[in-house]
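Take a look at the fold below. The report then goes through loops, sheets, helices and the ligand shell.

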Amino acid sequence: MKTSNFLNVLMAAALVVLAAKLHFVGICCGAGANDSAAASAATPAAAPAGAGATVIDSTGLLPGVKGFGGPVPVEVEVKDGHVVRVAPKLPNEETPGFFQRLADAGLWRAWDGLPVEVAATSRVDAVTGATYSSEAAIANVRAALAVAAGKSREDFAAEAAARARIALPPPSRSAMPLGEALAKRATYRDFSPEPLTDQELSDLLWAANGINRPDLGKRTAPTAMNRQEIDIYVCRADGAYLWDSEANALVRVSDADLRGLTGRMNDGDANFALVAPIAIVFVIDFERQKMQGRPQDAFKYASVDCGFIGQNIYLHCAATGLHTVFLGSLKPEQIARALSLPPASVPLFAQTVGKPAK
Ligand SMILES: Cc1cc2nc3c(=O)[nH]c(=O)nc-3n(C[C@H](O)[C@H](O)[C@H](O)COP(=O)(O)O)c2cc1C
């Protein structure tokens, strides 16, 4: 495809995503006032605990886990070591329509009658058409079951918090001369599944868009008007993380493996993005960008800013023996939903990174 055509297609796609997101927010806000009431109608009522039963409320156990509309706390009732009831804790912020789908699919009855230890480890599939809501609900049920099985709420919350934020070691810089790295810069699509170490990830992210002049808060990649509007999300098999560049930490935003929403999408299993350990997703934050004028200007500047970061990653990979491929092929709407992005944030490009295939 010619470059001008590619840009037109990209801008059109991104505008559609933004418009769809804004439309979605409008719908949600319109329904918001009645969410709790509608949710009550769509879901089993929270019954009082029967004699000898204990009710575990998952509220606060998984603060970072959200469904499509918000947190999805649940109640799990246990009697004589067996699960007797699972129900959403009301009022609940999740969108009523999604609740209805979970109820229709029988999700709340999936653990009925199981011994707590069995229920805690039993596999329950997400509900098609309400994937994020059901994944969040299932995670909440698991959390409540862990508490029912004897873990203290404090220990569970502390472990969840530790998983929620990974502090990276200070970055080190590659020693290869720039000319040599430029000579080696290339796209590769063969990857080893071997994970990157925290040190390798820290070095990569710093090269991508790290703060290189702390006194000015400026970065290794330039941005139009220094708006620094691109956020970097790191997607791995164990979940997706927002890189907090100031703290040099990964903040968990999803437990799901989102790598397959990037890369080669028509070949199923042949998608190299599912082999490589890291899929980076570049997200524009239009609110931070505050670009006046025509919407296409916002995309124009964000695309260039993103390209600089991509090239930094290319050069870092060339200098450190990693493989990488910059990607226009990704599923922005699905990624936005999975990352619980605010309406003004839109996934723009992605980049696969990993060690060379052996
Ligand atoms: C904006 C942009 C989008 C791209 N999108 C994809 C993509 O979706 N899939 C892919 O395999 N490669 C993609 N690439 C990588 C190009 O195919 C690659 O850079 C090109 O073939 C030149 O090869 P080289 O990087 O080794 O010089 C993209 C590159 C750019 C700059």
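## Two loop residues

In which loop is Pro-91 found? Pro-91 sits in the loop between S3 and helix H3 (96-104). The model is a predicted one. A cis peptide bond links Leu-90 to Pro-91. Its omega is about -5 degrees.

Asn-248 is another backbone feature to check. Asn-248 is not a glycine, yet has a positive phi of about 50 degrees. Asn-248 is placed in the loop between S8 and strand S9 (249-254).

## The three-strand sheet

Three strands make an open sheet, ordered S1-S2-S3. The pairing is antiparallel. Strand S1 (53-57) and strand S3 (82-88) are the edge strands, and each pairs on one side only. From one strand to the next, the twist averages 20 degrees.

Strand S2 (residues 74-79) pairs with S3 over six bridges, in the antiparallel sense. One pairing can be named: Val-74 has Pro-88 of S3 as its bridge partner. Helix H5 (residues 131-148) lies across S1, S2 and S3. H5 runs at about 35 degrees to S2.

## The seven-strand sheet

Another open sheet has seven strands. Their order is S4-S9-S8-S7-S10-S12-S11, with antiparallel pairing. The edges are strand S4 (165-167) and strand S11 (323-327), each pairing on one side only. Neighbouring strands of this sheet are turned by 25 degrees against each other on average, direction ignored.

At the S11 edge, five bridges join S11 to strand S12 (residues 345-354). S11 and S12 run antiparallel. Leu-327 stands opposite Ala-350 in S12.

## Helices across the sheet

Which strands does H8 lie across? They are strand S7 (230-236), strand S8 (239-244) and S12. H8 runs at about 155 degrees to S7.

H10 lies across S7, strand S10 (278-285), S11 and S12. H10 runs at about 10 degrees to S12.

## How H8 meets H10

Two packed helices are described by the angle between their axes and the distance between the axes. Here the axes of helix H8 (residues 198-209) and helix H10 (residues 295-320) come within 7 Å. They cross at roughly 135 degrees. H8 and H10 are therefore oblique to each other. The crossing of H8 past H10 is right-handed.

Which residues make the contact? H8 supplies Leu-204, Ala-207, Ala-208 and Asn-209. H10 supplies Ile-309, Asn-312, Ile-313 and His-316. By class, the contact of H8 with H10 has five nonpolar residues, three polar ones and no charged ones.

## The ligand shell

Which residues surround the ligand? They are Ala-186, Thr-187, Arg-189, Val-325, Phe-326, Leu-327, Gly-328 and Ser-329. The shell divides into four nonpolar, three polar and one charged residue. Arg-189 is the charged one.

The shell can be tied back to the seven-strand sheet. Leu-327 is among the residues around the ligand, and Leu-327 also stands opposite Ala-350 in S12. Val-325 and Phe-326 are in the shell too, and strand S11 spans 323-327. S11 is an edge strand, pairing on one side only.

Terms used: Residues are numbered from 1 along each chain as its sequence is written. This is a predicted model: local features need pLDDT of at least 70, side-chain atom pairs count only at pLDDT 80 or more; totals for chains, interfaces and linings use all residues. A residue is near a molecule or strand if its C-beta atom, placed from the backbone, lies within 6 Å of it. Two strands pair if DSSP finds at least two bridges between them. Helices (H or I, at least four residues) and strands (E, at least two) are DSSP runs, numbered from the N terminus. Axes are lines fitted to C-alpha atoms, for helices over the stretch in contact, and angles run from 0 to 180 degrees between N-to-C directions. Two residues are in contact if their C-beta atoms, placed from the backbone, lie within 7 Å. Angles under 35 degrees count as roughly parallel, over 145 as roughly antiparallel, 65 to 115 as roughly perpendicular and the rest as oblique. A crossing is left-handed if the near helix is turned anticlockwise from the far one by less than a right angle, and right-handed if clockwise.
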